[in-house]
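Me: I'd like to go through this fold with you, one question at a time. Could you start with the terms we need?

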Amino acid sequence: MFAAATAAQAQVAAPRLANVTILATGGTIAGTGATSTTTVGYTAATVGVQNLIKAVPELAKVANVTGEQVFQIASENMSNEHWLALAKRVNALLAQQNVDGIVITHGTDTLEETAYFLNLVVKSRKPVVLVGAMRPSTALSADGPINLFNSVLLAASPDAVGKGVLVAMNDQIQTAREVTKTNTSTLDSFRSPELGMIGYIQGGKPFFYRQSTRKHTVDSEFDVSALQSLPQVDIVYGYANVSPVALDAVVAAGAKGIIHAGVGNGSLAAKVLPSLKSARQKGVLVVRASRVGQGILARNGEANDDELDFVVADTLNAQKARILLMLALTKTSNSKDIQRMFYTY
């Protein structure tokens, strides 16, 4: 009788497990190879979400996990339409009282872009964690299972509430704004090279050491709930002996905004500057970014941005600057207001 009472008390005292929904989109984490040593040349997006969950039975110890297959694609095929559908599904789930957090499995090629997009449009303080893998599920020492376990653990943690969209890879916690893929194939590819990760996952617990000061999620001014499409924004790269051909082509194709990933501090080659000026005169928003990947893009540094009516990308890389400009253009076409957004997010 005493033993039964003790067992009952222990059951009552046990902490409630968080409810975490895994939204699967495909990628290497759901990929398969011909052999256990195939780590390149594999097929992405072949394993369904239920099998991903079954492969990590330890998930049941840290959360009540449910899975939903929203897409099954390699992430180089991620589109604006996919992003809008994913964001709407995330917001719908997070609005439910019985959902405490969300994990999104994703291919690594565009994972950082999806993470930053969601960081700007999710309307909840509940954790949203993106996770992927650098090796397919069939490989020796596949990193997908431990990454998935850590991501669910993170999404279930009260410590992750209010910190924006996060990325959990290689036992590290990164912010959506800062993280980028830095290597084609190694397990430590996902890093925040300049400002650093914000924490570790160790021993079944997340440890946070800092957080982003930039606005995100519930503090963002962007709302995609009624959007069916996003404005066309293209990236044009700077390099030695650059010509205006690519720039002129995207303008002719209807671009509403251009991210110019210039050399150095966003320098503009003499051959390209007339086309950039012409694009701006036609109403196309021009954002100066840098192909370098680190550092603040100095306003009125390598170009007279005030005179040209250009915007600078601050510390965002070109692919993330594109995302912010697309969302900014759903709100305004005023370059001064858009520049404020780049210094805010």
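Reply: Happy to! Two strands pair if DSSP finds at least two bridges between them. Helices (H or I, at least four residues) and strands (E, at least two) are DSSP runs, numbered from the N terminus. This is a predicted model, in which local features need pLDDT of at least 70, side-chain atom pairs count only at pLDDT 80 or more, and totals for chains, interfaces and linings use all residues. Residues are numbered from 1 along each chain as its sequence is written, and side-chain values use heavy atoms, with hydrogens and water left out.

Me: Thanks! Which residue of E6 does Ala168 stand opposite?

Reply: E5 and strand E6 (residues 172–175) pair in the antiparallel sense over four bridges. The two strands form a hairpin with two residues between them, and Asn170 in the turn has a positive phi of about 55 degrees. Across this pairing, Ala168 faces Ile173.

Me: How many of the residues of strand E5 are buried?

Reply: Buried means under 20% relative accessible area, exposed over 50% and partly exposed in between (1.4 Å probe, protein chains only). On one side of E5 lie Val165, Val167 and Met169, on the other Leu166 and Ala168, and all are buried. Strand E5 (residues 165–169) is therefore largely enclosed by the rest of the structure, with the buried count at five of five.

Me: Which hand does the β-α-β unit of E4, H5 and E5 have, right or left?

Reply: A crossover is right-handed if, with the strands pointing away from the viewer, the path from the first strand over the helix to the second runs clockwise. E4 and E5 pair in the parallel sense over three bridges, and Val129 has Leu166 of E5 as its bridge partner. With helix H5 (residues 144–155) between them, the unit is left-handed.

Me: And which hand does the unit of E12, H7 and E13 have?

Reply: Strand E12 (residues 257–262) and E13 pair in the parallel sense over six bridges. One of the partnerships sets Gly262 against Ser290 in E13. Together with helix H7 (residues 273–281), the two strands make a β-α-β unit that is right-handed.

Me: Which strands stand at the edges of the open sheet, each with a single partner strand?

Reply: Four strands form this open sheet in the order E11-E12-E13-E14, and the pairing is parallel. One side of each edge strand is left without a neighbour in the sheet, because each has a single partner: these are E11 (233–237) and E14 (311–312).

Me: Which residue of E14 does Arg288 stand opposite?

Reply: Strand E13 (residues 285–290) runs parallel to E14, and two bridges join them. E13 is mostly covered, with six of its six residues buried: Leu285, Val287 and Ala289 point one way, and Val286, Arg288 and Ser290 the other. Opposite Arg288 in E14 stands Val312.

Me: Which helices and strands do the buried residues of H9 pack against?

Reply: Helix H9 (residues 318–329) has twelve residues and reaches 16 Å from its first C-alpha to its last, close to the 16 Å expected at 1.5 Å a residue (the expected span is 1.5 Å times one less than the number of residues). Eleven of the twelve residues are buried, so H9 is largely enclosed by the rest of the structure. Contact means heavy atoms within 4.5 Å. By that cut-off, the buried residues of H9 pack against H3 (80–94), H4 (111–121), E11, E12, E13 and H10 (335–344).

Me: What covers the buried residues of H3?

Reply: The end C-alpha atoms of H3 are 21 Å apart, which agrees with the span of 21 Å that its 15 residues should have at 1.5 Å a residue. Its buried residues are Asn80, Trp83, Leu84, Leu86, Ala87, Val90, Leu93 and Leu94. Their cover includes E1 (18–26), E2 (63–73), E3 (101–105), H4, E4 (128–131) and H9.

Me: Is Gly199 buried or exposed?

Reply: Gly199 lies in strand E9 (residues 199–202). Not counting residues up to four places away in sequence, Gly199 touches Gln172, Ile173, Phe207, Phe208 and Tyr209. At 2% relative accessibility, Gly199 counts as buried.

Me: Lastly, what is the radius of gyration of the protein?

Reply: The protein has ten helices and 14 strands. The globule rule (2.2 Å times the number of residues to the power 0.38, with the radius taken over C-alpha atoms) gives 20 Å for 345 residues, and the protein's value is close to that, so it is as compact as a globular protein of that length: 22 Å.
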